[in-house]
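Thanks for making the time. I will go through one model, starting from a single residue and working outwards.

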Amino acid sequence: PGWEEKVEQIGSSLISQIDVLAETASEFSAIARTADDVATEVDLNALLREQMIIFDNRPNLTLKYRCNVTEPIIMGRRRQLSRVFTNLITNAIQAIEESRGSGRIALSLTREPAEEGASYVVRVEDDGPGVPPENIDRIFTSNFTTRSSGSGLGLSISKGIVEQSGGTIACSRSESLGGACFTVRFPAVS
């Protein structure tokens, strides 16, 4: 009795575990490819607009992008940097969908002057539950995750990629949307 329900539960569990394994394999593959990728000039605006095309197709999410700079060029490994923003946006989507199903994500690109040189700042913000304060110092650590699925490698790998490009990445609470805010800074190419 109830075999149909049991098959459904087991099938769902198997699919979830297969997704975890596929994500883990993908993360390790990304690490291996990092060494082969060559640093070049990267137009951050073009890179972020590509992300908008990829992700701005979900009826339950409003995805906005704001850029107030022209020709935001940095040095980095384009494919790897794309992976960073794919990971950040995917994490925002998952946080929103797990908490209430629908919400908003905002990407912004600004230029900030500094005595030691200008930098470009990318913010990925959402109106999900945010990152609990006790986890903020640990989220960039390998194998740390609060989800039942996932390898806990995405943010750790993202941090390494950003640092290879001379940048920094940090997490805080979004002042405008109330959820998480990931801030990525890169030195501007003169």
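Which helix does Asn87 lie in? Asn87 lies in helix H3. Before going on, I should say that this is a predicted model.

Is Asn87 buried or exposed? Its relative accessibility is 14%. The cut-off for buried is under 20%, so Asn87 counts as buried.

Now its surroundings. Leaving out residues up to four places away in sequence, Asn87 touches Gly154, Leu155 and Ser158. There is also a polar contact to list: the side chain of Asn87 reaches the backbone oxygen of Gly154 at 3.2 Å.

That takes us to the helix pair. Two packed helices are described by the angle between their axes and the distance between the axes. Here helix H3, residues 78–99, packs against helix H4, residues 154–164, at an angle of about 145 degrees. Their axes are 9 Å apart, and the crossing of H3 and H4 is left-handed. Which residues make the contact? From H3 they are Gln80, Leu81, Val84, Asn87, Leu88 and Asn91. From H4 they are Gly154, Leu155, Ser158, Ile161 and Val162. Sorted by class, the contact of H3 with H4 has six nonpolar residues, five polar ones and no charged ones.

Next, the sheet. What is the order of its strands? The sheet is open, has five strands and runs S2-S4-S5-S7-S6, with mixed pairing. At the edges are S2 and strand S6, residues 168–173, each of which pairs on one side only. From one strand to the next, the twist averages 15 degrees.

H3 comes back at this point, as H3 also packs on the sheet. H3 touches S2, S4, S5, S6 and S7, and its direction makes about 145 degrees with that of S4. Helix H2, residues 44–55, lies across S2, S4, S5 and strand S7, residues 180–187. The direction of H2 is at about 165 degrees to S2.

Now the pairing itself. In which sense do S2 and S4 pair? Strand S2, residues 61–67, and strand S4, residues 103–112, pair in the parallel sense, over seven bridges. Within that pair, Lys64 stands opposite Ala106 in S4, and Cys67 has Leu109 of S4 as its bridge partner.

On to S5. Strand S5, residues 119–126, pairs with S4 in the antiparallel sense over eight bridges. In this pair Arg111 stands opposite Tyr120 in S5. S4 and S5 form a hairpin with six residues between the strands. In that hairpin, Gly117 takes a positive phi near 130 degrees.

A positive phi also turns up elsewhere. Which residue has one although it is not a glycine? Glu71 does, with a value of about 50 degrees. Glu71 lies in the loop between S2 and S3. At 66% relative accessibility, against a cut-off of over 50%, Glu71 counts as exposed.

Thr70 lies in the loop between S2 and strand S3, residues 73–76. Thr70 counts as exposed too, because its relative accessibility is 69%. How far apart are Thr70 and Asn45 in space? The distance is 8.2 Å, C-alpha to C-alpha, with their positions 25 residues apart in sequence, counted as a separation.

To return to the starting point: Asn87 is a buried residue, and its side chain reaches the backbone oxygen of Gly154. I will stop there and take questions.

Conventions: Residues numbered from 1 in each chain as written. Predicted model: local features only at pLDDT ≥ 70, side-chain atom pairs only at ≥ 80, totals over all residues. Heavy atoms only, no water. Axes fitted to C-alpha atoms, helices over the stretch in contact; angles between N-to-C directions. Helix = DSSP H or I, 4+ residues; strand = E, 2+ residues; numbered from the N terminus. Left-handed = near helix turned anticlockwise from the far one by under 90°. Contact = heavy atoms within 4.5 Å. Nonpolar A, V, L, I, M, F, W, Y, C, P; charged D, E, K, R; others polar. Pairing = 2+ DSSP bridges. Buried < 20%, exposed > 50% of the residue type's maximum accessible area, 1.4 Å probe, protein only. Polar contact = N/O pair within 3.5 Å; in protein donor to acceptor, adjacent residues only side chain to side chain.
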